[in-house]
Amino acid sequence: MLVDKLKPIVARYDEISNLLTLESTLSQVKQLTQLSKEQSDIEPIVQKARSYFLILQHIADNKALLEDKELGELAKEELKELETQKNLLEEEIKILLIPKDPNDEKNIYLEIRAGTGGDEAGIFVGDLFKAYCRYADLQKWKVEIMSSSENNVGGYKEIIALIKGQGAYSKLKYEGGTHRVQRVPETESQGRIHTSAITVAIMPEVDDVQIDINPNDLKIEVFRSGGHGGQSVNTTDSAVRITHIPTGISVSMQDEKSQHKNKDKALKILKARLYEAELEAQNAQNKETRKTQVGSGDRSERIRTYNYPQNRLTDHRIGLTLYSLEEIMLGGLLDEVINPLIAHAQSQVMGALE
C-alpha cells in the first residue's frame with residue numbers, strides 16, 4: 001500500500017529534524033550538509049504524504065457518518081470530493097516516489113556525429129545542433145563547443161559541446177540514438193528526397209570521484225593541428241589524442257592552441273565516455289532498468305525521423321508523431337517531444353512500483 005511506503009519517509013524526515021537540532025550535528029559540517037540535503041530531497045514527498053494522510057482520515061470520518069440521518073447526505077457529497085483529491089494526490093506522490101536519477105541535475109556533453117548520407121548528414125548535424133542550442137538558450141543554459149570537425153559544405157563531421165545548466169541531463173537524456181532525416185538536399189537538382197542519419201550521444205559531466213582513471217592506462221599522443229584542406233592551425237604539436245588502453249576508447253582534441261588545454265578537454269570527454277560505457281554495462285545487467293528505459297540509449301538505435309516534405313517528426317520509441325517539424329527545429333517546441341518521453345518513462349516506473 002502507498003501508506004506503507006510513505007510512513008518510513010515521513011519518519012525519516014522527522015528523525016532528521018531532530019538530528020539537526022543537536023549540537024553534535026551542528027558541529028560537524030559534513031554531516032550537517034548531508035542531512036540537510038537528504039531532508040530537502042524528501043521534503044516534497046513528506047508534504048504530499050501529510051496531506052494524503054489527512055485526506056484518508058477525513059474519508060474515514062465521513063464514511064462513519066454515512067448512516068447518520070442528519071449528516072449522511074452531507075458526508076456522501078464530501079466523500080466524492082475527498083476521493084477526487086485522494087486520487088490526484090496519489091498520482092502526484094507516485095511521481096515523487098520515482099527514484100531520482102543521480103545524473104539528472106548534471107551538465108552534459110552533447111556529441112553529434114554524421115552517419116550515412118554523405119554531406120547531407122553533416123549539414124543535418126549542424127541543423128540539429130542549432131536546434132539544441134536554441135532550446136538551451138530558452139532554458140537559460142550555457143553551451144560551450146568543446147570540439148568540432150567541419151565538412152566541405154558548411155556542416156559537421158562531428159561536434160561536441162558542453163551544456164551547462166540545471167536539469168540539462170534530465171531534459172536531454174532521451175535524445176541519445178540515431179536520428180534519421182528525410183528531405184530534398186539543396187544540391188539535388190531533380191528534387192528527390194534524400195535519407196541520411198546522424199548519431200547523438202548525451203553524456204553526464206562527471207567528476208574525479210565517479211571515474212578514477214589509472215594514468216598507466218592512458219596512451220597520450222601529440223600531433224600538429226590541421227584545418228580544412230590540410231591547412232595548419234598552428235606550427236606546434238598542440239593537438240592531443242588520449243586513448244584508454246583497457247577499453248580502446250579514444251578522444252582527440254585540437255581546437256585549442258595550447259596542448260595543455262587540449263589535453264584537459266580530451267580527458268574530461270574521455271571520463272564522460274567511460275562513465276557512459278559503465279552505465280550501459282550496468283543497464284545491460286539490470287533487467288528492471290531496461291524495462292523502465294525509453295529505448296536502449298544505444299546510439300545505434302534509430303529513435304527519430306525528421307521528414308521535411310511532410311513537416312513531420314516521429315519518435316519511434318513512443319509512437320509520437322507531430323506535424324510541426326519546422327517549429328521544433330527552431331527549439332521553441334522541442335518540449336513537445338521531450339516532455340512526452342519523460343512522461344512515458346515516469347509511467348513505466350510508476351507501473352513497476354505498483
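Here is a short chat between a reader and an author about this predicted model.

Reader: Let's start broad: how many helices and strands does the protein have?
Author: The model is predicted, so take everything here as read from its coordinates. Of the 354 residues, 38% count as buried. As for secondary structure, the tally is 10 helices and 11 strands.

Reader: And what percentage of the exposed area do carbon and sulfur atoms supply?
Author: The protein exposes about 19,800 Å². The share of that area supplied by carbon and sulfur atoms is 50%.

Reader: Among contacts between residues at least 6 apart in sequence, what percentage join residues at least 24 apart?
Author: One example of a distant partnership is Glu 120 with Arg 183, which are in contact and sit 63 residues apart in sequence. Counting contacts in the protein between residues at least 6 apart, the portion joining residues at least 24 apart is 60%.

Reader: Which element gives the largest share of the largest nonpolar core?
Author: That core has 37 residues, and Leu 110, Ile 112, Leu 128, Tyr 132, Ile 163, Leu 172 and Tyr 306 touch the most other members. Elements giving two or more residues include strand 1 (108–114), strand 3 (156–164) and helix 10 (335–353). The largest share is nine residues, and it comes from helix 5.

Reader: Is there a second core, and how many residues does it hold?
Author: There is a separate one, and Ile 213, Ile 269, Leu 270 and Leu 274 are among its members. Its residue count is 20.

Reader: Back to helix 5: what end-to-end reach does it have?
Author: Helix 5 covers residues 119–138, which makes 20 residues. At 1.5 Å a residue, the expected figure is 28 Å. From first C-alpha to last, the helix comes close to that, at 29 Å.

Reader: Glu 120 is in helix 5; is Glu 120 buried or exposed?
Author: Among the contacts of Glu 120 beyond its neighbours within four places are Pro 185, His 194 and Ser 196. Its relative accessible area is 7%, and the cut-off for burial is under 20%. Glu 120 is therefore buried.

Reader: How far apart are Glu 120 and Arg 183, C-alpha to C-alpha?
Author: Arg 183 also lies over the face of Tyr 308, at 4.8 Å from the ring centre. For Glu 120 and Arg 183, the C-alpha to C-alpha distance is 9.3 Å.

Reader: Why is the pair of Tyr 135 and Trp 141 edge-to-face or stacked?
Author: The structure holds two aromatic pairs. In this one the ring centres are 5.8 Å apart and the planes stand at 80°. Angles over 60 degrees count as edge-to-face, so the pair of Tyr 135 and Trp 141 is edge-to-face.

Reader: Are Tyr 135 and Trp 141 buried or exposed?
Author: Tyr 135 is listed with the buried residues of helix 5, alongside Tyr 132 and Ala 136. Trp 141 shares that status, so to speak: both residues are buried.

Reader: What is the phi of Lys 140, just after helix 5?
Author: Lys 140 lies in the loop between helix 5 and strand 2 (142–150), and at 72% relative accessibility it counts as exposed. Most residues other than glycine have a negative phi. Lys 140 goes the other way, with a positive phi of about 65°.

Reader: Which residue in the loop between strand 9 (302–307) and strand 10 (312–315) has a positive phi?
Author: The residue is not a glycine, yet its phi is positive, about 55°. Sitting in that loop, it is Asn 311.

Reader: What separates the C-alpha atoms of Ile 163 and Val 143?
Author: Ile 163 belongs to strand 3 and is buried, with a relative accessible area of 2%. Among its contacts are Leu 110, Trp 141, Val 143 and Leu 172. Although Ile 163 and Val 143 are 20 residues apart along the chain, their C-alpha atoms are separated by 4.6 Å.

Reader: Last one: how far apart are the end C-alpha atoms of helix 4?
Author: Helix 4 runs over residues 72–97, and its buried residues include Leu 79, Leu 82 and Leu 89. With 26 residues at 1.5 Å each, it should span 38 Å. The end C-alpha atoms agree with that, being apart by 36 Å.

Note on methods. Residues numbered from 1 in each chain as written. Predicted model: local features only at pLDDT ≥ 70, side-chain atom pairs only at ≥ 80, totals over all residues. Heavy atoms only, no water. Phe/Tyr/Trp six-rings, centres within 6.5 Å; stacked < 30°, edge-to-face > 60°. Buried < 20%, exposed > 50% of the residue type's maximum accessible area, 1.4 Å probe, protein only. Lys NZ or Arg CZ within 6 Å of the ring centre and 35° of its normal. Helix = DSSP H or I, 4+ residues; strand = E, 2+ residues; numbered from the N terminus. Expected span 1.5 Å × (residues − 1). Core = buried A, V, L, I, M, F, W, Y, C linked by side-chain atoms within 4.5 Å. Contact = heavy atoms within 4.5 Å. Areas by Shrake-Rupley, 256 points an atom, 1.4 Å probe, with all protein chains shown as cover.
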